[in-house]
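Biologist: Got a minute to walk me through this one? I'd like to start with the pocket.
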Amino acid sequence: MLHTPESSAEDAEWILGQNPLLPREHAATLHLDYCGNDRRDVLPRITVPTLVIGGASSLIPADVAERVAERIPESAVGIFSAAEKGSHLMFWESPELFNAVVSDFIDAGTVT
């Protein structure tokens, strides 16, 4: 479970309860497609403004987001620090900052 001290037990229970709502055959297909395919060759072909977000406290290391952004032409990357609640669920744990970063990117194409 991706859980931080700031997350409540109620939040964690809700997140875990969402997983079984997806029909099993779709969950399996999604999992196999996501985990079983290397999509790094697609990244350089992305031609739309792209914001890649990572978190210093995520189970997925922040440098993964940086490496993804390096492969996408003219992309921007934003890494949330641990103090900014940069877990894998930063959109949930720090929604004001997350929304501000996304809004700034949409408005100006940059991360501040």
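Modeller: Sure. One term before the pocket: Ala, Val, Leu, Ile, Met, Phe, Trp, Tyr, Cys and Pro count as nonpolar, Asp, Glu, Lys and Arg as charged, and the others, Gly among them, as polar. Also, this is a predicted model.

Biologist: OK. By class, what's in the lining of the largest pocket?

Modeller: The lining has 18 nonpolar, eight polar and two charged residues.

Biologist: And how much space lies in that largest pocket?

Modeller: About 850 Å³.

Biologist: Which residues lie nearest its centre?

Modeller: Tyr34, Ser58, Ile60, Val64 and His88. They belong to a lining of 28 residues.

Biologist: Which elements give two or more residues to the lining?

Modeller: Three helices and a strand: H1 (9-18), H2 (24-36), H3 (62-71) and strand E1 (51-55).

Biologist: Zoom out. How many helices and strands in the protein?

Modeller: Five helices and two strands. Along the sequence the pattern reads α-α-β-α-β-α-α.

Biologist: What box do the C-alpha atoms fill?

Modeller: Roughly 40 × 35 × 25 Å, along the principal axes.

Biologist: What share of the residues is buried?

Modeller: Buried residues are 22% of the 112 in the protein. The protein exposes about 8000 Å². Carbon and sulfur atoms supply 58% of that area.

Biologist: Contacts next. Of those with a separation of 6 or more, what percentage joins residues 24 or more positions apart?

Modeller: That comes to 62%.

Biologist: Switching to charges. How many salt bridges does the structure hold?

Modeller: Two. In one, the side chain of Arg67 meets that of Asp63, at 2.8 Å from N to O. In the other, Arg40 meets Asp38 at 2.5 Å, N to O.

Biologist: Where do Arg67 and Asp63 lie?

Modeller: Both are in helix H3, four residues apart. That spacing is about one turn of the helix.

Biologist: Is Arg67 buried or exposed?

Modeller: In between. Arg67 has a relative accessible area of 45%, so it counts as partly exposed. Asp63 is partly exposed too, at 36%.

Biologist: And the Arg40 and Asp38 pair, how exposed is each?

Modeller: Arg40 is partly exposed, with 46% relative accessible area. Asp38 has 49% and is also partly exposed. The cut-off matters here: exposed means over 50%.

Biologist: Why do such side chains pair at all?

Modeller: Side chains of opposite charge can pair when their charged atoms come close.

Conventions: Residues numbered from 1 in each chain as written. Predicted model: local features only at pLDDT ≥ 70, side-chain atom pairs only at ≥ 80, totals over all residues. Heavy atoms only, no water. 1 Å grid on protein atoms, 1.4 Å probe; cavity = no way out; pocket = protein on both sides within 12 Å on 5 of 7 lines; lining within 4 Å. Points joined across faces, edges and corners; volume = space filled by probe spheres on them. Buried < 20%, exposed > 50% of the residue type's maximum accessible area, 1.4 Å probe, protein only. Contact = heavy atoms within 4.5 Å. Areas by Shrake-Rupley, 256 points an atom, 1.4 Å probe, with all protein chains shown as cover. Salt bridge = Lys/Arg side-chain N within 4 Å of Asp/Glu carboxyl O.
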